Amino acid sequence: MADGNKDLVARLADLSEGAIQRLSEAPGADRALQALKGLADRVDELQRRTRGFEELEKRLTTLEKRFDAMAKPKPARKPGSGVAARPAKPGATPKRP
């Protein structure tokens with residue numbers, strides 16, 4: 001059975017080589033090959049441009065979090081008496097009510 005598999009693989013290899021040879025001799029093969037090469041070049045360019053998107057996404061997420069934190073309304077302060085508390089003098093005793 002191993003010899004049968006080798007024969008099958010050899011036949012498939014011969015057929016594929018023949019098919020590739022016939023495709024390369026076809027009238028539109030040059031144009032198709034050039035189109036595929038151009039496509040490969042454009043895909044490479046697109047990949048080069050999009051490499052930094054992950055880092056930009058992380059930076060954008062960080063900035064969005066910071067913006068959200070700044071945009072939240074701050075709690076209202078309690079109205080004060082208008083008199084600021086003075087710090088205690090050193091050595092002074094606190095007053096009792």
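**Group meeting: a three-helix chain**

The secondary structure of this chain comes to three helices and zero strands. Read from the N terminus, the order of elements is α-α-α. What you have in front of you is a predicted model, so I will start with confidence.

The mean pLDDT of the chain is 81, and 75% of its residues reach 70 or more. Which elements have the lowest and the highest mean pLDDT? Helix 1 has the lowest, at 82, and helix 3 the highest, at 92. One general caution: where pLDDT is low, the predicted coordinates should not be read in detail.

Next, burial. How much of the chain is made up of buried residues? Of the 97 residues, 1% are buried. The chain exposes about 10,400 Å², and carbon and sulfur atoms supply 59% of that area.

I will go through the helices in turn. Helix 1 covers residues 2–25, and L12 is found there. L12 belongs to a nonpolar surface patch of about 310 Å², which is made by L8, L12 and L15. Is L12 buried or exposed? L12 counts as exposed because its relative accessibility is 52%, and the cut-off for exposed is over 50%.

Helix 2 covers residues 29–50, and here the topic is charge. As a general point, side chains of opposite charge can pair when their charged atoms come close. The structure holds three salt bridges.

Take K37 and D41. Their side chains meet in a salt bridge, at 3.9 Å from N to O. The cut-off is within 4 Å, so this pair counts. K37 and D41 are about one helical turn apart, because four residues separate them in helix 2. K37 is exposed, with a relative accessible area of 54%, while D41, at 42%, is partly exposed.

Now E45. Which residues are linked with E45 in a network of salt bridges? They are R48 and R49. The R48 and E45 side chains meet at 2.4 Å, N to O. These two residues both lie in helix 2, three residues apart, which is about one turn of the helix. For E45 and R49, the salt bridge is 3.2 Å, N to O. That pair also lies in helix 2, at a spacing of four residues, again about one turn.

As for accessibility within this network, E45 counts as partly exposed at 30%. R48 is also partly exposed, at 47%. R49 is exposed, with a relative accessible area of 60%.

That leaves helix 3, residues 53–71. How far does helix 3 reach from its first C-alpha to its last? Its 19 residues reach 26 Å, close to the 27 Å expected at 1.5 Å a residue. How many of the residues in helix 3 are buried? The count is zero, and helix 3 is hardly covered. To repeat the confidence value, helix 3 has the highest mean pLDDT among the elements, 92.

To sum up: the chain has three helices and zero strands, with buried residues making up 1% of it. Helix 1 holds L12, one of the residues of the nonpolar patch. Helix 2 holds the pair K37 and D41, and E45, R48 and R49 form a network of salt bridges. Helix 3 has zero buried residues.

Key:
Residues are numbered from 1 along each chain as its sequence is written. This is a predicted model: local features need pLDDT of at least 70, side-chain atom pairs count only at pLDDT 80 or more; totals for chains, interfaces and linings use all residues. Side-chain values use heavy atoms; hydrogens and water are left out. The expected span of a helix is 1.5 Å times one less than its number of residues. Buried means under 20% relative accessible area, exposed over 50%, partly exposed in between (1.4 Å probe, protein chains only). Patches are made of residues with over 30% relative accessible area and no salt bridge: like charges are joined within 9 Å, nonpolar side chains (Val, Leu, Ile, Met, Phe, Trp, Tyr) within 5 Å. Accessible areas come from the Shrake-Rupley method with a 1.4 Å probe; for residues, only the protein chains shown count as cover. pLDDT is the predictor's confidence in each residue, from 0 to 100.
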